Amino acid sequence: MNSLSALRLASCSGDWTELQKMATAMKALWDERAKSNAPRFDLISMLAHSEATRNIDFRELLATCSLLIVGGNDTTRNSMSGGLLGLSRFPEQFRKLRENPELVTGTVSEIVRWQTPVIHMRRTAKEDAQIGGKRVKAGDKVVIWYISGNRDEEAIESPDQFIIDRRRPREHMSFGFGIHRCLGNRLAELQLRILWEEVLRRDLRIEVVDKPVYAYSNFLHAIRSLPVRIAA
């Protein structure tokens, strides 16, 4: 998803006036961060100081901030909840992780695959192609079901299982592929890795106590609530 796509998505899902309020607040934050001699360690500071983005106009600012909120919030947040759900349903994997904290990197990739926070994207074919024995003509609309690809038994062994030490854990479709690969994939992995490193470091015992409630959406595999009990 690029910034203008995010802007269209945000404008369709909420009130335009509220989006402008958000952009105004972000612009004030942006200007404040830009005045510092060196960027702080946050995304707005980095964007405000980057050669590629520091002079973007208000419309691009609105689109970029919408992208950060949609792409950098919903997806990572639902991967956090989905990861806990996966480890809860496969307790032997949770025990394995506690006994071997070095497996956290592979665990993060397995979380992103198993949860698949973005269900699908639609693309337009630029040229004729043959895919899976089906003819696709230039101009056809094609839906890429990431959640289906991440359960492909021909490509992934035991795809419905949550396995934190897979041999090639990053070979999944959750971040897209090729020129459409998610630009924030490393950031998402970093956020999830830090989360689980801290859970393990603090030896937090997190117990899922009820079923998850999912959002009614065919775009985001979103968990609205997941009741848990936490003990240190």
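Start by selecting Thr75: this residue is buried, with a relative accessible area of 15% (buried means under 20% relative accessible area, exposed over 50% and partly exposed in between, using a 1.4 Å probe and protein chains only). Thr75 sits in helix α4; helices here are DSSP runs of H or I with at least four residues, strands are E runs of at least two, and both are numbered from the N terminus. Now show what surrounds Thr75. Setting aside neighbours within four places in sequence, Thr75 is in contact with Val70, Pro117 and Val118, where contact means heavy atoms within 4.5 Å.

A word on what you have loaded: this is a predicted model, in which local features need pLDDT of at least 70 and side-chain atom pairs count only at pLDDT 80 or more, while totals for chains, interfaces and linings use all residues. Residues are numbered from 1 along each chain as its sequence is written, and side-chain values use heavy atoms, with hydrogens and water left out.

**Zoom out to the chain**

Show the whole protein chain as a cartoon, and you can look for eight helices and eight strands. Its C-alpha trace spans about 55 × 50 × 30 Å along the principal axes. Of the 232 residues, 35% count as buried. The accessible surface comes to about 14,400 Å², and 54% of that belongs to carbon and sulfur atoms; the areas come from the Shrake-Rupley method with a 1.4 Å probe, and for residues only the protein chains shown count as cover. If you draw a contact map, residues 24 or more positions apart account for 60% of the contacts with a separation of 6 or more.

**Follow α4 to α5**

Two packed helices are described by the angle between their axes and the distance between the axes. Select α4 (residues 58-89) and α5 (residues 91-99): they pack at an angle of about 105°, with axes 4 Å apart. Axes are lines fitted to C-alpha atoms, for helices over the stretch in contact, and angles run from 0 to 180 degrees between N-to-C directions. The pair is therefore roughly perpendicular; angles of 65 to 115 degrees count as such, under 35 as roughly parallel, over 145 as roughly antiparallel and the rest as oblique. Show side chains for Leu84, Leu87, Ser88 and Arg89 on α4, and for Pro91, Gln93, Phe94 and Leu97 on α5, to see who makes the contact.

**Swing round to α6**

Keep α4 and add α6: their axes come within 9 Å and cross at roughly 95°, so α4 and α6 are roughly perpendicular too. On the α4 side, pick Asn78, Ser79, Gly82, Gly83, Leu85, Gly86 and Arg89, which meet Ile111, Trp114 and Gln115 in α6.

From α6 (residues 104-115), move on to α8 (residues 185-201), where the axes come within 9 Å and cross at roughly 120°. These two helices are therefore oblique to each other. For the contact, select Val104, Thr105, Val108, Ser109, Ile111 and Val112 of α6 with Glu189, Leu192, Arg193, Trp196 and Glu197 of α8.

**Last stop: Val208**

Finish in strand β5 (residues 205-208), which holds Val208. Is Val208 buried or exposed? Val208 is buried, with a relative accessible area of 18%. Beyond neighbours within four places in sequence, Val208 is in contact with Leu84, Ser88, Leu226, Pro227 and Val228. For a distance check, label Pro159: Val208 and Pro159 are 49 residues apart in sequence and 23 Å apart in space, C-alpha to C-alpha.
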